[in-house]
Amino acid sequence: MKPLLEYYSSKLRPARQVGPWLLLLAVAACSPFKLLQPKQRLLSRVEIKGVEQADKERLTTLAQQKPNTRFPLPKLAIYQLGFNFYDSVRLKNKLRAIQNTYVAKIKAAGTDSAELGKLLSRRERKVNRKQLALDKGNAIMRLGEAPVIYDSALTRKSVEQMTTYLHSQGFFRARVSAIDTTRYKHGVVVRALKSVGAIFPGKPDSLDAAKQYRRVTVTYNIAEGQPFHYRLLTPSIADSGVAAVVRQGQGATLLKENERYNEDLIGQERTRLETLLKNAGYYDFRQQYITLEADTSYEKFTVRLRTFITNPGPGQGHRVYTVKQVRFITDAGVGRTLRNAAGDTLRRAGTAAALRARPSLGVRTDTVTTDSVHFAAYAQKYSTSLLARKVLVRPGQHYSLANTMQTQRLLADLDMFRFNTVNYRKVPDPPATDSTGVHPITGELVAVINASPAPKFGETSEAGVTYVAYLPGPFLNLRLKTRNPFGGAEVLELGVRAGFEGQLTRVGVVEGDNPEQVYTTQLGATAALVLPQFLVPFKTNHFLTRYNPKTRFSLSETYVNRPEYTRSNFEFAWDYIWQRSPVHQYVFSPVVITLVNSAVTDDFQKRLDTLRIRDGSSLYRSFNKQIEPSFSFTSLYNSNDFNQTRDARYLRLFAEIGGLTRGLYRNALYDATSLSVYDFARVSADYRRYYHVTPQTFFVWRLNGGMVHALSRTNDPLTGFDPFIVPYDKSFFAGGSTSLRAWQPRRLGPGGYTSKLSNGARDYITEQPGELLLEGSVEYRFPIYSFIKGALFTDFGNVWGLQERKQEDPTKLDYGQYLRPGAQFQLNQFYKQIAVGSGFGIRFDFTFLILRLDIATKVYDPTAEPTQRWALRNFDTSANPISFNLGIGYPF
């Protein structure tokens, strides 16, 4: 019997011949010209030609009109589809009916204020919805884009702005012109026929002569000309003190001799000079005193540039200010609350005289002086010695903008205050010392730091759903934060996590049958104490304050209950954290101890033994008792924000060494507790690049790699050998929602090895650890509608073994060969074992939360049979099922 599709395909062959014609008719029916009014033309393309040295991307943004978006979604076609269902008359009638209906309901409600409020709210909501559809179209139209109607006036404006920009970049003789294809032009054949027809008399077609293109291409032709370059002249500065500061900072100038003239850099240079002088104590200095004069009459294609810094007025110089006193109010805003409460008490007493009295009498602030900083508060709740270390503004120092900003950042990083400000108040000058009226040259300032306390307790909850093994798994996270629990500006965080996750398992299933879909239970708890300083047995130097040092102690417990096993991980970590800059952080962990305990079922133990004996797999090592002492170092650079909306870079470097001292206690510990100890070295690097293509679109890519290696051999009591053993938790894995999304989590690899069951079928269930990871991703992110974003992505990579076991039985035919062929990393083979997967994603960007759905399929599977590695041929089959990934946040 023929398959159903094949049976009916023969019946449909005549329709296949008509199909292309139907497609052409559908395209013709969807012509966007139906949306245009008479004499309107659709902007189809914008080109910029002739740019050689200037920033072409910047010039493109200056074009006042841009054609409708075609990639990755044809926005104009979507708009036109919605327009077919748009009826403005019907919407106006509905709007009028809504208003009339609610007028009657409001009259019927009478004086019932609660009912009136509900009716007004409902009416407002319905009216706004209909008005939005009336103004901007229905939901489908708003998903697309209205046709861009060509406007020649905007083209002329674009020419003006491009010319102005080129002049600002040193192309003073640049010329910009625009050409648009608005006139209709016949082809060669038609013109030849018309010339023949002109011999015979006929009625002229005046409309055809004036006919214009319905699509317009605008071409901006740019003639840059030779750019002008700098000739820097000696600055002219009236104040000798200011001149000395500028000379000292001249090495950091942004303007270099013989570079191309650039007004953007000139503006940045003015800002640099202002900041330089403010950091030198010139509190009153403003950018308006700085002028950079350009002269082009000196030499051909040359700009003589001189910096002028003027004084505030005739006979007046710029004054250097010194900090006289520093006041720190640690409970700003509390006084107002107390006064309001006292006023309310007096008001209830009903005494007029009491109402006129100052309600704050009797409520006094406590002032404590620590390290020359005066701390004022109604109740001192924070360690003043610790807060003093976060204050970089001190009496006797010159005013410094840098110290002011850094103080605000350090106080904000404490997470103790809602906000903090550093303000300055000028100290009045003393009376003239003599008849000439000469005042002191140096002014004085009083620095006042106002900090409003944050709530002592903070709670956050997070609920979501994962989608693994075609099962939705709900989870819940609860976190409690306690600020200042011991009075030293500490932060104590407690958290619990509970969830269910889908899992494919073969336990209890006959081998060869489809795996069973089951739920696993995951429970977790964490506790962390963060101290705003380094906890060391010696006094740290004051310069460390600028790096915002912190000490963190953390405990975590994770419990997993699956049909095959139960497993718990307990971890203790002691971390030192400091920041080189707001975007660059270091973490040094001198102590990290992980304790693993597990219990497996008999069936699963048999499966582990089979993998160990047949393949030399290290999977069984994750289910014995083990302790993993180590220390690590992390460097994290991230110039992006939470929603990843910047043109940014991300680099994470990690190194970890464990078990260096295991020789002192390994045997005794194993004999007493059956705990195994391994030594290893592990390094990884993760680099990401975010390109801001347009205000709403991004192109991002990622390269991620890592390697782990045992430092010495370990006797394995199960095998009797002493191989290099790496702890399972320190291995690398590929596949999952943040890795290669077309593969299930931890199921890809290693290399080109194909894991099989005893009956010869492929094993898609068993996790595949590796000792070397190489993977990457490229992704194009674009808006779809409002908060709904889209993405097209491709992932590639794999994991490999570095210390794969070989067949050591000389009686075997494969003696000396790897037990897992293709799993070992080899330079002449690894590039053939790179897996590739592609797909698209939908992201719901709620600003504070991003929900993600990625749909992926395998393109190239190196673990498949040689004839089946191009997996797209097996699309949506058991060998290449569509993979769905649900998650929170972006994958990278």
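## Helix pairs, cores and one buried arginine

Val242, Val245 and Val246 of α11 pack against Leu273, Leu276 and Leu277 of α12. Keep in mind that this is a predicted model.

**Exercise 1.** Work out how α11 and α12 are oriented to each other, and what kinds of residue make their contact.

*Solution.* Start with the spans: α11 covers residues 240-248 and α12 covers residues 263-279. Their axes come within 10 Å and cross at roughly 115°. Angles of 65 to 115 degrees count as roughly perpendicular, so that's the label for α11 and α12. As for hand, the crossing is right-handed. Now sort the contact residues: six are nonpolar, with no polar and no charged ones.

**Exercise 2.** Do the same for α5 and α6: find their relative direction, then the make-up of the contact.

*Solution.* Take α5 (residues 88-109) and α6 (residues 113-136): the axes come within 10 Å, and the crossing angle is roughly 175°. Anything over 145 degrees counts as roughly antiparallel, so α5 is roughly antiparallel to α6. Next, look at who takes part. On the α5 side you'll find, among others, Leu91, Leu95, Ile98 and Tyr102, and on the α6 side residues including Leu116, Leu119, Arg123 and Val127. Sorted by type, the contact of α5 with α6 has twelve nonpolar, three polar and eight charged residues.

**Exercise 3.** Locate the largest nonpolar core and follow the contacts of Val326.

*Solution.* The largest nonpolar core has 27 residues, and Val326, Phe328, Leu387 and Tyr424 have the most contacts inside it. Which elements feed it? At least two residues each come from β8 (321-329), β10 (373-377), α15 (384-389), β11 (417-426) and β12 (443-453). Then zoom in on Val326: setting aside neighbours within four places in sequence, its contacts include Val373, Val391, Val393, Ala447 and Ile449, along with Arg394 and His374. A second core, separate from that one, has 22 residues, among them Leu277, Tyr282, Ile290 and Ile309. You've met Leu277 already, in the α11 and α12 contact.

**Exercise 4.** Is Arg483 buried or exposed, and what does it touch?

*Solution.* First place it: Arg483 sits in strand β14 (residues 471-483). Its relative accessibility is 14%, and the cut-off for buried is under 20%, so Arg483 counts as buried. Then list what it touches, leaving out residues up to four places away in sequence: Asp415, Met416, Ala454, Pro455, Lys456, Phe457, Gly458 and Glu490. Finally, check a spacing: Pro453 is 30 residues from Arg483 in sequence, with 9.9 Å from C-alpha to C-alpha.

Note on methods: Residues are numbered from 1 along each chain as its sequence is written. This is a predicted model: local features need pLDDT of at least 70, side-chain atom pairs count only at pLDDT 80 or more; totals for chains, interfaces and linings use all residues. Side-chain values use heavy atoms; hydrogens and water are left out. A nonpolar core is a set of buried Ala, Val, Leu, Ile, Met, Phe, Trp, Tyr and Cys residues joined through side-chain atoms within 4.5 Å. Buried means under 20% relative accessible area, exposed over 50%, partly exposed in between (1.4 Å probe, protein chains only). Helices (H or I, at least four residues) and strands (E, at least two) are DSSP runs, numbered from the N terminus. Contact means heavy atoms within 4.5 Å. Axes are lines fitted to C-alpha atoms, for helices over the stretch in contact, and angles run from 0 to 180 degrees between N-to-C directions. Angles under 35 degrees count as roughly parallel, over 145 as roughly antiparallel, 65 to 115 as roughly perpendicular and the rest as oblique. Ala, Val, Leu, Ile, Met, Phe, Trp, Tyr, Cys and Pro count as nonpolar, Asp, Glu, Lys and Arg as charged, and the others, Gly among them, as polar. A crossing is left-handed if the near helix is turned anticlockwise from the far one by less than a right angle, and right-handed if clockwise.
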